[in-house]
Amino acid sequence: MDYALVAVVGVLAIVGVSVLGPRVGVAPPLLLVLFGVGLSLVPGVPPVEVEPEIVLAGVLPPLLYSSAVSMPTMDFRRDFRSIAGLSVVLVVLTSFVLGAIFSWLIPGVDLATGVALGAVVSPTDAVATSIVRRLGVSPRIVTILEGEGLLNDASALVLLRTAIAATAISVSFWEVLGDFVLAVGIAGVVGYLVGNVSLRIRSRLTEPASSTVISFATPFVAYFPSEALEASGLVAAVTAGLVVGQGAPRFLTPTDRLSERTNWQTVEILLEGAVFLILGLELLETVEDVRQTHGSIASAIGLAALAALVIVLVRAAYVAPLLLGASRRARKSRAERPRVEEFGVELERRVEQMRADERFDDERTGRRIDHGRRRLSRRLADIDYVTAAPLGWREGTVLVWAGMRGAVTVAAAQTLPSDTVQRPLLLLIAFAVAISTLFVQGGTLPWVVHRLGLGGAADGDGDERDALMQVMNRAVADVLEDENLRRADGSEFNPAVLGKIRARVARRTAEGAEIVPREISAQIFELQIRVIQAQREALLEARSLGTFDSSGLSAALAVLDANEISARLTAGPDGPE
């Protein structure tokens with residue numbers, strides 16, 4: 001059996017497992033590891049060894065970019081303190097604790113090598129996020145876990161690189177800190193620039209396929225220059241994804257976004273599945289290497305079990321004060337709300353007084369007042385967010401238990417230099433930690449969530465949906481009641497067209513296949529697109545203020561995209577671009 005046939009079987013297995021896993025209640029990565037082990041036992045299957053750089057530079061950047069694009073940046077900003085702590089502080093803490101244990105228990109392994117292995121097994125895997133999202137856990141928990149998964153890969157790899165260098169030369173703490181800050185800072189700038197340039201290039205393309213190709217290239221365009229500058233390419237890919245995700249509704253057409261989303265889902269399934277399938281294929285060969293070197297794998301299994309236990313304990317010890325801090329901030333926010341509301345009332349009183357005194361004729365003053373109103377609205381929305389979705393001990397339990405290891409651990413372990421002391425043993429420990437946490441924590445996470453009573457969270461209540469509809473209806477009214485409303489060529493709209501659009505909005509449904517004159521049909525299409533664009537702008541403004549739940553906003557934006565695509569398809573070639 002040659003490699004091409006193994007690849008075909010692997011792709012079919014990934015698709016099959018992605019369908020079967022949710023039906024049997026088992027995360028697909030777990031099934032893929034088992035399938036890979038079984039496939040490696042089939043006579044004629046060649047040994048599979050994938051260069052770690054292929055995973056680090058070819059798999060992780062697009063996966064992290066794709067996750068960042070779909071990340072609600074509003075929620076990411078609100079919980080950034082928690083996300084940054086889990087992604088940086090916890091990674092460093094876990095790496096050094098494990099490093100001390102490894103250097104103590106493994107003969108010949110010094111502290112720097114132990115910290116390197118600790119960094120390898122420190123980053124969490126996206127499997128946890130997929131499981132908790134499927135179970136309906138609070139969106140805030142999902143956001144924290146997803147944000148941690150986006151950023152801790154970069155911190156772990158930067159620390160790994162520094163620890164490997166420290167095995168050859170002496171490196172101080174401040175040099176490590178400076179290396180990390182510089183790597184993240186440069187990568188953030190590169191990612192921001194690449195994300196913005198990508199959006200502007202794609203906004204000028206007319207073919208969705210061409211736009212999607214540019215999106216496929218974006219994470220690599222961010223990754224490789226950052227790595228060349230000795231920065232973190234993964235941070236650059238994540239930053240580019242956040243920028244694109246935030247700006248896509250303004251720069252890209254609904255068709256472009258739909259095409260991109262569908263194609264990236266396909267890429268995610270294949271890349272994520274391939275990593276875990278390769279882990280299963282390589283596992284037995286790694287075990288054999290350790291057996292030949294040490295005569296037994298018992299020590300590796302024991303050290304891996306100890307490391308997995310320490311990881312959970314250190315994570316629990318870190319999450320506990322994190323929850324206390326979040327609870328304290330929530331109490332302060334509740335106490336702050338009346339003062340913020342009072343300030344808002346005072347601002348409006350002063351604005352009315354300025355109007356009465358005829359001092360409200362300065363455009364700069366108007367912009368400052370609008371800016372003040374936006375800041376107040378955003379602050380009130382932030383307060384509502386942290387008080388409506390508190391982080392208690394049950395949520396903390398999920399955060400602790402959802403810290404599984406996976407793809408990054410497998411790839412990073414193989415970047416250990418070939419002359420590293422006890423390298424086969426260290427590889428097997430890393431593999432065993434990844435597999436054990438995936439099976440033990442990943443396999444029991446649904447049960448834990450169910451026992452804690454945290455599953456089945458709704459995407460939003462009826463009151464919020466009604467409020468969203470009011471925002472969209474106000475946007476429609478602003479368009480239709482504008483005294484200066486004109487067509488693109490400057491002519492007026494037919495009154496019958498205005499009536500039809502008002503009727504459609506009132507019924508929230510599309511007209512049937514009514515036969516109307518071409519001129520009237522063109523006017524209906526033009527005004528319908530203008531109304532949809534006004535509604536989208538209103539929703540994006542609400543998103544920037546954070547006044548609604550991110551999932552509800554995403555659903556409303558998706559409905560508008562579907563309406564616009566339907567309108568353009570119905571209009572055909574006669575509709576304006």
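This passage describes the nonpolar cores, a surface patch, one buried arginine and the salt bridges of a predicted model. Local features were taken at pLDDT of at least 70 and side-chain atom pairs at pLDDT 80 or more, whereas totals for chains, interfaces and linings use all residues. Residues are numbered from 1 along each chain as its sequence is written, and side-chain values use heavy atoms, with hydrogens and water left out.

The largest nonpolar core (buried Ala, Val, Leu, Ile, Met, Phe, Trp, Tyr and Cys residues joined through side-chain atoms within 4.5 Å) holds 121 residues. Buried here means under 20% relative accessible area, exposed over 50%, and partly exposed in between, for a 1.4 Å probe and protein chains only. Ile106, Val120, Leu160 and Ile429 touch the most other members of this core. Helix α18 (residues 423–452) contributes the most to it, with 16 residues; helices (H or I, at least four residues) are DSSP runs numbered from the N terminus. Beyond its neighbours within four places in sequence, Ile429 has contacts (heavy atoms within 4.5 Å) with Phe102, Ile106, Leu117, Ala300, Leu303 and Ala304. A separate core of 14 residues includes Leu468, Val471, Leu539 and Ala556.

At the surface, Trp104, Leu105, Leu306, Leu309 and Leu313 make a nonpolar patch of about 550 Å². Such a patch joins nonpolar side chains (Val, Leu, Ile, Met, Phe, Trp, Tyr) within 5 Å, from residues with over 30% relative accessible area and no salt bridge. Helices α6 (80–105) and α14 (298–356) each give two or more residues to the patch, and α14 gives the most, with three. Leu306 belongs to helix α14 and is partly exposed, at 33% relative accessibility.

Arg202, in helix α10 (residues 173–203), is buried, with a relative accessible area of 0%. Leaving out residues up to four places away in sequence, Arg202 touches Tyr65, Ser211, Ile214, Ser215, Val244, Leu252, Asp256 and Glu260.

The structure contains 17 salt bridges, each a side-chain nitrogen of Lys or Arg within 4 Å of a carboxyl oxygen of Asp or Glu. In one of them, the closest N and O atoms of Asp382 and Arg78 are 2.7 Å apart. This pair links helix α15 (residues 363–388), which holds Asp382, to helix α5 (residues 73–78), which holds Arg78, across 304 residues. Both Asp382 and Arg78 are buried. Arg379 pairs with Glu336 at 2.6 Å between the closest N and O atoms. Because Arg379 lies in α15 and Glu336 in α14, this bridge ties together parts 43 residues apart in sequence.

Definitions and conventions:
Patches are made of residues with over 30% relative accessible area and no salt bridge: like charges are joined within 9 Å, nonpolar side chains (Val, Leu, Ile, Met, Phe, Trp, Tyr) within 5 Å. Accessible areas come from the Shrake-Rupley method with a 1.4 Å probe; for residues, only the protein chains shown count as cover.
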